[in-house]
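Subject: Handing over a structure

Dear colleague,

I am passing a structure on to you, and I would be glad if you could look through it before reading the notes underneath.

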Amino acid sequence: LLLVYGAATAQDLEPRRWSHLPTGINFVGVGLGYSEGDTGLDPVLRIEDLEYKLASGVASYMRTFGLFGKSARFDVTVPYLSGSWEGLVDGEFTKVNRDGFGDPRFRLSWLFYGAPAETPQEFAKSEKSNTVIGAAITVAVPAGEYFPDKLINLGKNRWVIRPQLGVSHTRGKWTYELTGSVFLFTDNDDFFNNTELENDPLYALQGHLIYTFRPGLWTSLSTAYGNGKDATISGVPKDAESKNWLTALSMGLPLSRSQGLKITYLRTRTQVDIGSNSDNLILGYSQMF
């Protein structure tokens, strides 16, 4: 099913990320999400008690194909966001609204072990491997709405490149997945107040426990942890280490042989003073053709 991720954090939780799929299949999907939470910022910004409510819509397309004899896929995701933020600025209550597109994301995934490239007819007859190992590269393009004179933006005004490596192992109706990621950030040279923002890499690890009742009907319990080091603004270290813990409960529901729903509750909690806490409810629909 289509991934719909919470917009409150760079990280996501995606069960069944490394599922073996036949080649020559297209997926289109839409998703709706609602997030609310609070954000802790650097005290030098003089913003306190910042809370937000955010609605998101996501459109996605995915295509499966063969690459060097193994199963591969390419997908693109485009989010649209609408939200409000309120808090105290220099001790006075302030509220702002934002509506617009977030940064689109492109991803290439390759299952190089345990997932041979097979047509739907071959896939239906073949014996499946219990273990699949894959790699992926994701690129978030800085095309979302961004105002350099505003601190709160829907786009990030910088490229984010994320290599991934993951493994999936199935035993009976249970599947266990583990994915490691590194988020690499280019500099935002047009950051708030005519400054330049630099971030060290963010390292993340996510795990999933998945139970499949029957094809298309499944549930999963997921968790992830991300750890990023320092941030620098115009050459000045901000001591802004990022530590995020995510948990999620998801369920996939088949509507027909080619349509499905995915429902997710996602919870994020920062482990340091600077960061975001959020609760997210996400509904995704996908169509295969």
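What follows is a description of the chain as a whole, then of its strands, its core and its aromatic pairs.

Please keep in mind throughout that this is a predicted model. The chain contains one helix and 17 strands, and its C-alpha trace spans about 65 × 35 × 30 Å along the principal axes. For 289 residues, a compact globule would be expected to have a radius of gyration near 19 Å, and the 20 Å found for the chain agrees with that. Of these 289 residues, 43% are buried, while the accessible surface comes to about 14,500 Å², with 60% of it belonging to carbon and sulfur atoms. If one takes the contacts with a separation of 6 or more, 63% of them are between residues 24 or more positions apart.

Turning to the strands, a convenient place to begin is β8, which covers residues 174-185 and whose side chains alternate between two faces. Thr175, Glu177, Thr179, Ser181, Phe183 and Phe185 point to one face and are buried, whereas Trp174, Tyr176, Leu178, Gly180, Val182 and Leu184 point to the other and are not. Strand β8 pairs with β7 (residues 160-171) in the antiparallel sense over ten bridges, and within this pairing Val160 has Phe185 of β8 as its bridge partner. The two strands β7 and β8 form a hairpin with two residues between them, and Gly172, which lies in the turn, has a positive phi of about 65 degrees. Strand β8 is also joined to β11 (residues 202-214), again by ten bridges and with the strands running antiparallel; here Leu178 stands opposite Gly207 in β11.

An open sheet is made of four strands in the order β9-β10-β13-β14, with antiparallel pairing. Its edges are taken by β9 (188-191) and β14 (236-237), and because each has a single partner strand, one side of each is left without a neighbour in the sheet. Between β9 and β10 (residues 195-199) there are two bridges, in the antiparallel sense, and the bridge partner of Asn188 in β10 is Leu197. These strands, β9 and β10, also form a hairpin with three residues between them, in which Asn193 takes a positive phi near 65 degrees. At the other end of the strand order, β13 (residues 231-233) and β14 pair over two bridges, likewise antiparallel, with Thr232 standing opposite Pro237 in β14.

As background to the next point, nonpolar side chains tend to be buried together in soluble globular proteins. In this model the largest nonpolar core has seven residues, namely Leu50, Tyr52, Leu54, Leu81, Trp85, Ile152 and Leu154. Both β2 (47-67) and β3 (70-89) supply at least two residues of this core, and the largest share, three residues, comes from β2.

The last topic is the aromatic rings, of which the structure holds seven pairs. In one of them, Phe68 and Trp110 have their ring centres 6.2 Å apart and their planes at 70 degrees, and since an angle over 60 counts as edge-to-face, the pair is described in that way. Phe68 lies in the loop between β2 and β3 and Trp110 in β5 (residues 105-116), so the pair ties together parts that are 42 residues apart in sequence. The two members do not share an exposure class: Phe68, at 73% relative accessibility, counts as exposed, whereas Trp110, at 28%, counts as partly exposed. A further edge-to-face pair is formed by Tyr80 and Phe101, with 5.0 Å from centre to centre and 85 degrees between the planes. This pair links distant parts of the chain, with Tyr80 in β3 and Phe101 in β4 (residues 92-101), 21 residues apart. Tyr80 counts as partly exposed at 36% relative accessibility, and Phe101 is partly exposed as well, with a relative accessible area of 49%. Finally, ring pairs link Phe68, Trp110 and Phe112 into a cluster.

With best wishes

Methods:
Residues numbered from 1 in each chain as written. Predicted model: local features only at pLDDT ≥ 70, side-chain atom pairs only at ≥ 80, totals over all residues. Heavy atoms only, no water. Pairing = 2+ DSSP bridges. Core = buried A, V, L, I, M, F, W, Y, C linked by side-chain atoms within 4.5 Å. Buried < 20%, exposed > 50% of the residue type's maximum accessible area, 1.4 Å probe, protein only. Rg over C-alpha atoms; globule rule 2.2 N^0.38 Å. Contact = heavy atoms within 4.5 Å. Areas by Shrake-Rupley, 256 points an atom, 1.4 Å probe, with all protein chains shown as cover. Phe/Tyr/Trp six-rings, centres within 6.5 Å; stacked < 30°, edge-to-face > 60°.
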